[in-house]
Structure formats: structure tokens, C-alpha cells
Amino acid sequence: MKTKFKIRKLVFIISISTVCLGCNKIKGQEKPNIIIMMADDLGYGDVGCFGNKIIETPNIDQLASKGAKFTQFYSGHYTCSPSRAGMMAGRTPYRNGIYTFIADNSVVHLKDKEVTLAEICKEQGYDTGFFGKWGLNGNMDDKTQPTPSQQGFDSWLATNNNAIPSHKNPTNFYFNGKAMGEMKGYSSQIVVDKAMQWLDSRKDKTKPFLLVLWFHEPHTELAQPDKFTQKYAKYGEVAGEYYANIDHMDHQIGRFMNYMKKENLEDNSWITFTSDNGPLNREGRSTNGLRGYKARLYEGGLREPTVMYWKGKIEGAKVIDDQLTFFDFVPTFYDLFGMEPMNNEPLDGASMLPALEGKKVERKTLPIWVGRWKTTLINNEWKIIGKFKDFVPGTSYNYYLINRKIVSYELFNLKKDPYEKQNLSKANIDKLNEMKLLIEERVRSVQKEIVPWNGQWVLPYAVVKYYNPNVPPYSEFSKLSPEEQDLMKSKQ
């Protein structure tokens, strides 16, 4: 039995009395179904409701028009796996040892000790299903690496990383631990099909459910039906295919939403759509003017096009400007159910329920994002970015992660300068010093939990190799893929 289950039994016994005394935020109401949909590498400006004039996304836009769109919703990291870990466990991913995207056959995985969204819902009697890109382990066949089954999901269809060889007829899906081989169709269509089949197959349909739909789109390698490709052919191969891929993903979201309506599931469901990080710096990708893109800590790499709908709770075409993050989902679930945390690991988010009710979110600790070369923290309108001292090849990378210091800073006022054009680090020394104290304290907090992996592909895009025979190979250099080259270009 996993340690976290042993801990949570006692916690749950204590917390159940709290729920019975009336602290449960949904007392007297049905527990909502919870659906979390997430795109992969979708830019802040790549959907209609966030300003795109070319790509047709009527189904995502409809969720925004019925519910709310969030103008300052931040991912868990600027690359996929850490971002997903941030949402799933409510913790800055460097606490989890997930420093970048988890490559195939990597030793890195989301640790057993982490309490996930699914495990919280299981305590509340939910059915739980996962469909799409998992991104939280390196090998579905490695029994030492938890799959969605070990992280609280009753049923799942997932790839450990990107769809191979492309979104068309992918060959690397696993269904409840069994390799599926080639699956005919397109990735978003396949995962929506399987999600609807799972909902149909549930034995007790009176139970609430958590459904996580993490699409592969629009991450490369792109593929979609010809009618979508032809629709955007005039925009060229690179941009046109990207536009078509997003349109097709939106079409599949529409299929799913039509199913929800037909089965009378929509009216008691909290539905979210977002993206795991910003887009690649390639033709056709849009951040709607925000600086940066994937693999950058600027707004274009972290701020995501996020919409939500929940009848009676989040509706009326609201625009919510509060700064919210992926780290906030776990605390929100605890708050929603009137639960105490199920383990003692520090969380990096806060309940977003006040923001959904038009109130201010109160944060005991500020969210922090840690990257390969830089780190950032946001405190209301102020954002600080710190650059770490360079790593010295030939030394222990693990030691570097635990002890590295910030050597230079950038400071921005996001309210006056959302596009981060003016670095105020020299013009506002008092505010810089105030923010330096905050970010340095938060960095030290994260460094206390750094995980010393012993194996390959911990940092697959880092051009480093260790020559000290007494130091395990925490990272290895190999031939870089085109995407990894894009990530390398982000080093500044």
C-alpha cells in the first residue's frame, strides 16, 4: 500500500466530521462532474475568444460565452511534463523532480507520494477517467513508474509522451496498462471516443465523475483530416496545418459537448479548457502580443487561454482577471469538498473558488516557476525573473540544482506593461529589493525538495554530460530533435 494512502486514512477520518458539520462547500448540492480539457503547446492567442481572427474554435468560444474566460491563468511550467505535474499535484514541479518534458525511456516520473486530483476525487466517491497525453512517466511498461492507475484513475487511455508517429493512426497508446498498437483515426478523435465509451460503461451513473482529457493537439507531429487541412491551405504549409489542427481539436471538443448535452450531464459539470504551456516560436503561433513562447518564463510561455463553465457557478460570459495557476486546482478541490490535505507535502497554490465567486484569492505563499536557467515569481502586478548562475559541465547537476544562486534580475509591472517591454530592475530599486527577498525565499523552499534521479534523460535537452565517475549520470547528451533545438534556442 502506498504511503500516501496510509496517511490519508487518518486525515480522512478527521476531515469527514468537518464535512458533516457543514464545512463542505457543496453541502446540500450534488457533487459536480469535473472535466478538465487541455491542449498541448497552444498559444494564448490561438483561439477565437482570445483574439484569433483566423482559426475557427466555435466550441471553445461557446464555453467562454456561456461561462467565463480567464485573462491571467498560468500553467505549471513552460514545458509539458512539469506543467502537467503542477496541475495534477498542486506543487511547483521542481519539488516533484520533473525538470523538463519527460522523454521516452526517461527514469523520471511523478512520484507515488504525490496526491493527485484523481485521488482527491476518489475519496469523495467519484469515478475517475483519463484520456490523452499523460506526460508524467517515461515508460508505460516500466513497473517502477506509476501509470494513471497508480495515480487514482479507474480507467485510462494514454501515451507517456507525444503521439507516434503523428496524430494520425498513433501506435503508442496504452489502455489500462495494455499496449494498443496502431489505433485508426486521429488522436483527439480517439481520446474523445474512448472518453464517451467510458462514460457509457459506468456501472453506477448516479456517481459523479472526474474526466481528464489532455489532447496531443496542436503539438507536433501534426495530422488531421484533409477537409480541415484544405480549409487553411492558403495560409501555407506551416501555419495552415497548425490552424487546421486546432480547428479539428475544437471539432472533437464539440462532439464531446454534444454528448454531454444528450446525456444530460452538462448542467451539473464544472468544465475547464486550457493549454499546458505557450506555443513554439514558429509561423502561425500566436501569444496575442505577449512576450516569449514555449520554454520561456515570459508571459507568452506561461499565460494560457483558459475558459470554464459551470451552470449556476461560472456563467454569463464573465471575464475573470485574477491571477490563477495550475497549482490552484488541488487546493480548490480540497476547498470544494471541505477536505483537509491528504498528506503533509507543501502546496504552491490556493483555492480559486473565491475568484469564481467574484472575490479575491488569498495566498499564503506565492506561486513560483523554476526553469532550467531562470525562475520567476508574480506578486499582484509585479513580476520578477531571476537568472541562475551558469552550470559548470563536469560537476554534479544535482548539487547545482540544490545550491544554485540567482545572479541577475528582471522586473516588470504587468498591470502597466503586460507585454514585458520595460525592465524596471534599475528604475525601481525598492520594489526590486522587495521582490528579490520573496523569490529567494521561495527558491530555497523548492531546493529543499530536489529529487536526485539516478538514470538517463533527466534533462533531455541540456547539453551537459558528467565525467566525474563518482557522480551518477543525472543527464545525458544525445542528438537533439528539432523541438529540442527550439528549446535550446531559448537559453539567454
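**Note on burial, strand pairing and salt bridges**

1. At 19% relative accessibility, Asn379 counts as buried, because the limit for that class is under 20%. The model under discussion is a predicted one. Asn379 is placed in strand β13. Leaving out residues up to four places away in sequence, Asn379 touches Leu366, Glu434, Met435 and Leu438. A separation of 10.0 Å is found between the C-alpha atoms of Asn379 and Thr365, which stand 14 residues apart along the chain.

2. The sheet that contains β13 may be described next. Four strands form an open sheet in the order β12-β13-β14-β15, and their pairing is antiparallel. Its edge strands are β12 (368-370) and β15, each of which pairs on one side only. On average, and with direction ignored, neighbouring strands of this sheet are turned by 15° against each other.

3. Two pairings within this sheet can be specified by residue. Between β12 and strand β13 (residues 374-379) there are three bridges in the antiparallel sense, and Val370 has Thr375 in β13 as its bridge partner. Strand β14 (residues 382-388) is joined to β15 over seven bridges, again in the antiparallel sense. There, Ile385 has Glu410 in β15 as its bridge partner.

4. How is strand β15 (residues 406-413) placed with respect to the rest of the structure? Six of its eight residues are buried, so β15 is largely enclosed by the rest of the structure. This holds although β15 is an edge strand, pairing on one side only.

5. Strand β7 (residues 209-214) has six of its six residues buried and is therefore largely enclosed by the rest of the structure. In a regular strand, side chains alternate between the two faces of the sheet. Both faces of β7 are covered: Phe209, Leu211 and Leu213 are buried on one side, and Leu210, Val212 and Trp214 are buried on the other.

6. The pairing of β7 is parallel with two strands. Strand β1 (residues 33-39) runs parallel to β7 and is joined to it by five bridges; Met37 stands opposite Leu213 of β7. Strand β3 (residues 127-133) also runs parallel to β7, with six bridges between them, and here Gly132 stands opposite Trp214 of β7.

7. Asp127 belongs to strand β3. With a relative accessible area of 12%, Asp127 is buried. Which side chain does the side chain of Asp127 meet in a polar contact? The partner is the side chain of Arg202, at 3.1 Å. With neighbours within four places in sequence left aside, the contacts of Asp127 are Asp154, Trp198, Arg202, Asp204, Lys207, Pro208, Phe209 and Leu210.

8. Turning to charged pairs, the structure holds 29 salt bridges. Side chains of opposite charge can pair when their charged atoms come close. One of these salt bridges is between Asp193 and Arg255, with the closest N and O atoms 2.6 Å apart. This pair links distant parts of the chain, as Asp193 is in helix α6 (residues 187-201) and Arg255 in helix α8 (residues 237-262), 62 residues apart. Asp193 is partly exposed at 22% relative accessible area, and Arg255 is partly exposed at 27%.

9. A further salt bridge joins Asp348 and Arg442, whose closest N and O atoms are 2.7 Å apart. Asp348 lies in the loop between α10 (329-337) and α11 (353-356) and Arg442 in helix α13 (residues 429-447), so the pair ties together parts that are 94 residues apart in sequence. Asp348 counts as buried at 0% relative accessibility, and Arg442 likewise counts as buried, at 6%.

10. Are the partners of the salt bridge between Lys359 and Glu357 buried or exposed? Lys359, at 51% relative accessibility, counts as exposed, and Glu357, at 52%, counts as exposed too. The closest N and O atoms of this salt bridge are 3.9 Å apart, a value that counts because the cut-off is within 4 Å.

11. Some salt bridges share partners. In this way Arg91, Arg95, Lys113, Glu114, Glu345, Asp348, Arg442 and Glu449 are joined into one network. Two members of that network, Asp348 and Arg442, form the salt bridge with the 2.7 Å approach described above.

Definitions and conventions:
Residues are numbered from 1 along each chain as its sequence is written. This is a predicted model: local features need pLDDT of at least 70, side-chain atom pairs count only at pLDDT 80 or more; totals for chains, interfaces and linings use all residues. Side-chain values use heavy atoms; hydrogens and water are left out. A salt bridge is a side-chain nitrogen of Lys or Arg within 4 Å of a carboxyl oxygen of Asp or Glu. Buried means under 20% relative accessible area, exposed over 50%, partly exposed in between (1.4 Å probe, protein chains only). Two strands pair if DSSP finds at least two bridges between them. A polar contact is a pair of N or O atoms within 3.5 Å; within protein, one must be able to donate a hydrogen and the other to accept it, and residues adjacent in sequence count only if both atoms are side-chain atoms. Contact means heavy atoms within 4.5 Å. Axes are lines fitted to C-alpha atoms, for helices over the stretch in contact, and angles run from 0 to 180 degrees between N-to-C directions.
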